[in-house]
Amino acid sequence: MSKISRLAPAKVNLYLHVAAPDVRGYHPLRSLVVFADYGDEVSLSPGQGRLTIDGPFAEGLSTGEDNLILKAVRRFEAAAGVTVNRHDIHLTKNLPVASGIGGGSADAGAVLHLLREAYAPDMPDAALEAVAAQTGADGVMCLWSKSAIAEGYGEVLTPVEVPSLAAVLINPGVECSTPAVFKAYDAVGRFEPIGADISGDVVAFLRTTRNDLESPAIALHSVIGEVFRSLEAYDETRFARMSGSGATCFALCDTREDAEKLAAKLRQNWPRAWVRACMLK
Ligand code: C5P
């Protein structure tokens with residue numbers, strides 16, 4: 001088989017409502033997730049099962065068994081009863097790591113699709129989903145990369161129609177540890193109701209919602225607050241929020257053109273930040 005590849009798109013939490021932790025310390029949540037037309041690239045080509053990585057955020061990423069891609073490969077092998085030894089796996093890491101946009105989970109999801117195609121074409125969706133669920137709370141949503149309301153701990157998905165949204169993603173270059181942000185959230189100990197049904201104009205609706213992890217993430221990394229102030233200073237920004245446990249923030253704009261304009265201004269202001277205009281769907 002020749003090379004096959006797949007986009008591992010960035011995930012954005014348009015809202016993220018987080019309830020009090022359960023007995024295991026995990027948080028039930030409700031979130032509206034959408035996906036960008038931009039992300040990492042994962043490919044399989046003839047080889048022996050090695051992982052290689054390049055791209056702007058490759059540095060510091062392990063190519064060993066602790067890489068989420070190889071964890072997904074091992075779990076796929078166990079589930080499908082196969083050995084992945086006819087292909088090498090290549091990742092082009094375009095998305096910042098530990099940044100609240102699901103890059104690692106998306107990489108795992110993309111490799112699972114490719115492995116099914118190459119090694120187990122009859123594997124049902126439910127079985128692939130069960131493997132993805134083992135890669136983390138975002139594993140299933142990032143396997144399908146389709147807009148959805150996520151409940152449970154992020155794995156119970158209800159598909160939802162969201163209009164295509166022009167957006168800018170900005171990450172100031174701090175890695176946000178998800179467990180640390182959840183811990184800071186628990187330390188405050190104020191938990192609001194997590195229900196929210198999408199209705200009417202998306203931006204008007206989003207103003208009635210929250211990302212509960214925003215304040216604790218800003219308390220840990222004040223630069224996220226500076227990113228917000230910067231996003232809100234520009235006319236092109238209709239709505240600004242942090243995604244996931246941060247530090248990536250997004251601005252919604254009226255048009256793709258506005259998103260490109262805003263991205264250019266942000267690049268001037270934040271020369272070392274990662275900035276990307278995209279469409280979310
Ligand atoms: O599943 P994932 O590896 O993405 O989760 C990272 C950490 O985030 C967990 O170990 C847990 O501390 C926290 N988490 C949580 N509640 C969730 C999802 C993640 O407390 N619903």
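Me: What makes up the shell around the ligand, by class?
Reply: The shell has six nonpolar and four polar residues, and no charged ones. Keep in mind that this is a predicted model.

Me: Which residues are around the ligand, and what makes them count?
Reply: They are G25, Y26, H27, L29, G136, A137, Y153, T178, P179 and F182. Each of them counts because one of its heavy atoms lies within 4 Å of the ligand.

Me: Why is the pairing of H27 with the ligand called a polar contact?
Reply: An N or O atom in the H27 side chain is 2.7 Å from a ligand oxygen. The cut-off for a pair of N or O atoms is 3.5 Å, so this pair qualifies.

Me: And what about Y26 and A137?
Reply: Y26 has a polar side-chain atom 3.3 Å from an oxygen of the ligand. For A137 a polar backbone atom is involved, with a ligand oxygen 2.8 Å away. Both values are within 3.5 Å, so both pairs are polar contacts too. As for cover, the ligand on its own has 450 Å² of accessible area, and the protein covers 72% of that.

Me: Where does the ligand sit, and which helix gives the largest share of its shell?
Reply: The ligand is in the largest pocket. Helix α5 (residues 178-188) gives the largest share of the shell, three residues. Domain 1 (4-159) and domain 2 (165-280) each supply at least three shell residues.

Me: How do you know that the bond between G246 and A247 stands out?
Reply: Most peptide bonds are trans. The one joining G246 and A247 is cis, with omega about 5 degrees. A247 belongs to the loop between β8 (239-242) and β9 (249-253).

Me: What makes A98 worth a look?
Reply: Most residues other than glycine have a negative phi. A98 isn't a glycine, yet its phi is positive, about 50 degrees. You'll find A98 in the loop between β4 (87-92) and α2 (103-119).

Conventions: Residues are numbered from 1 along each chain as its sequence is written. This is a predicted model: local features need pLDDT of at least 70, side-chain atom pairs count only at pLDDT 80 or more; totals for chains, interfaces and linings use all residues. Side-chain values use heavy atoms; hydrogens and water are left out. A polar contact is a pair of N or O atoms within 3.5 Å; within protein, one must be able to donate a hydrogen and the other to accept it, and residues adjacent in sequence count only if both atoms are side-chain atoms. Accessible areas come from the Shrake-Rupley method with a 1.4 Å probe; for residues, only the protein chains shown count as cover. On a 1 Å grid over the protein atoms alone, a cavity is a set of points where a 1.4 Å probe fits but cannot get out, and a pocket is an open set with protein on both sides within 12 Å along at least five of seven lines; lining residues have an atom within 4 Å of a point. A molecule sits in a cavity or pocket if more than half of its atoms lie within 2 Å of its grid points. Helices (H or I, at least four residues) and strands (E, at least two) are DSSP runs, numbered from the N terminus. Ala, Val, Leu, Ile, Met, Phe, Trp, Tyr, Cys and Pro count as nonpolar, Asp, Glu, Lys and Arg as charged, and the others, Gly among them, as polar. Domain bounds come from an automatic or database domain assignment.
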